Amino acid sequence: MAKSAQEIVASIAPNEAAFMQNSEQFAGFIRKATSTRVDFHWRDALPGKPDEMTINRHGVVCSRRLFEGQTWFGYTLDPFGEDVSYSATNDVAKLMLERFLKRPQAA
């Protein structure tokens, strides 16, 4: 059964500690959130799919990996599973940015 965008976002813990305390409830966790991107781990990645991903401020979901001291990003198809539609993936990106992206504080 396909998951909705809201279900996917609700299954992502705000940090690794919350994920480890209740790993059965969550499918992933936020590694780092900045003003330009949200880095997260997705435990439920399918075989051959990345489990470390980033959503940039434009809503693009990318794979992320560290290689020779540099972070490399790549576009990935079906990041949340083949049963999650492209529009649902876009909704996940939008909802995650709203929930986790660090906004500059007003002076």
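A hairpin of three residues connects β2 to β3. Strands here (E, at least two residues) and helices (H or I, at least four) are DSSP runs, numbered from the N terminus. β2 and β3 run antiparallel and are joined by five bridges; one of the pairings sets Gly28 against Trp42 in β3. The model is a predicted one, in which local features need pLDDT of at least 70 and side-chain atom pairs count only at pLDDT 80 or more, while totals for chains, interfaces and linings use all residues. Residues are numbered from 1 along each chain as its sequence is written, and side-chain values use heavy atoms, with hydrogens and water left out.

**Sheet**

The hairpin belongs to an open sheet of six strands, ordered β1-β2-β3-β4-β5-β6 with mixed pairing. Two strands count as paired if DSSP finds at least two bridges between them. β1 and β6 are the edge strands, each pairing on one side only. The antiparallel pairings that involve β2, β3, β4 and β5 are set out below.

| Strand pair | Sense | Bridges | Citation |
|---|---|---|---|
| β2 and β3 | antiparallel | five bridges | hairpin neighbours |
| β3 and β4 | antiparallel | five bridges | Arg37 with Asn56 |
| β4 and β5 | antiparallel | three bridges | Thr54 with Cys62 |

Five of the six residues of β3 are buried, so this strand is largely enclosed by the rest of the structure. Buried means under 20% relative accessible area, exposed means over 50%, and partly exposed lies in between (1.4 Å probe, protein chains only).

**Helix α3**

α3 covers residues 86–100. The expected span of a helix is 1.5 Å times one less than its number of residues. For the 15 residues of α3 this gives 21 Å, and the end C-alpha atoms are 21 Å apart, which agrees. Ala88, Thr89, Val92, Ala93, Met96, Leu97 and Phe100 of α3 are buried. These buried residues pack against α1 (5–10), β1 (12–13), β2, β3, β4 (52–56) and β5 (61–67).

Ala5, in helix α1, is buried with a relative accessible area of 4%. Leaving out residues up to four places away in sequence, Ala5 touches Ala88, Asp91, Val92 and Leu95, where contact means heavy atoms within 4.5 Å. Ala5 and Leu101 are 96 residues apart in sequence, and their C-alpha atoms are 17 Å apart in space.

**Nonpolar cores**

A nonpolar core is a set of buried Ala, Val, Leu, Ile, Met, Phe, Trp, Tyr and Cys residues joined through side-chain atoms within 4.5 Å. The largest one has 22 residues, and Ile30, Val38, Phe40, Trp42, Phe80 and Met96 have the most contacts inside it. Two or more residues come from each of α1, β2, β3, β4 and α3. The most come from α3, which gives six. Phe40 has contacts beyond four places in sequence that include Ile12, Ile30, Met53, Ile55, Phe80 and Met96. Apart from this core lies another of five residues, among them Ala13, Ala18, Phe19 and Phe29.

**Aromatic rings**

The whole structure holds three aromatic pairs. Rings of Phe, Tyr and Trp (its six-membered ring) pair if their centres lie within 6.5 Å; planes under 30 degrees apart count as stacked, over 60 as edge-to-face and the rest as tilted. Phe19 and Phe29 form a tilted pair, with 5.0 Å between centres and 45° between planes. Phe19 lies in helix α2 (residues 16–21) and Phe29 in strand β2 (residues 28–33), so the pair ties together parts ten residues apart in sequence. Phe19 is buried at 7% relative accessibility, and Phe29 is buried at 3%.

Trp42 and Phe80 have ring centres 5.2 Å apart and planes at 90°, so this pair is edge-to-face. Trp42 lies in β3 (residues 37–42) and Phe80 in the loop between β6 (70–75) and α3, so the pair ties together parts 38 residues apart in sequence. Both Trp42 and Phe80 are buried. Ring pairs link Phe40, Trp42 and Phe80 into a cluster.

Arg65 has its charged end over the ring of Phe67, 5.3 Å from the ring centre. A charge sits over a ring if NZ of Lys or CZ of Arg is within 6 Å of the ring centre and within 35 degrees of the ring normal.

**Loop before α3**

Thr76 is placed in the loop between β6 and α3. Thr76 is buried, with a relative accessible area of 8%. Neighbours within four places in sequence aside, Thr76 is in contact with Lys49, Pro50, Met53, Val61, Cys62 and Ser63.
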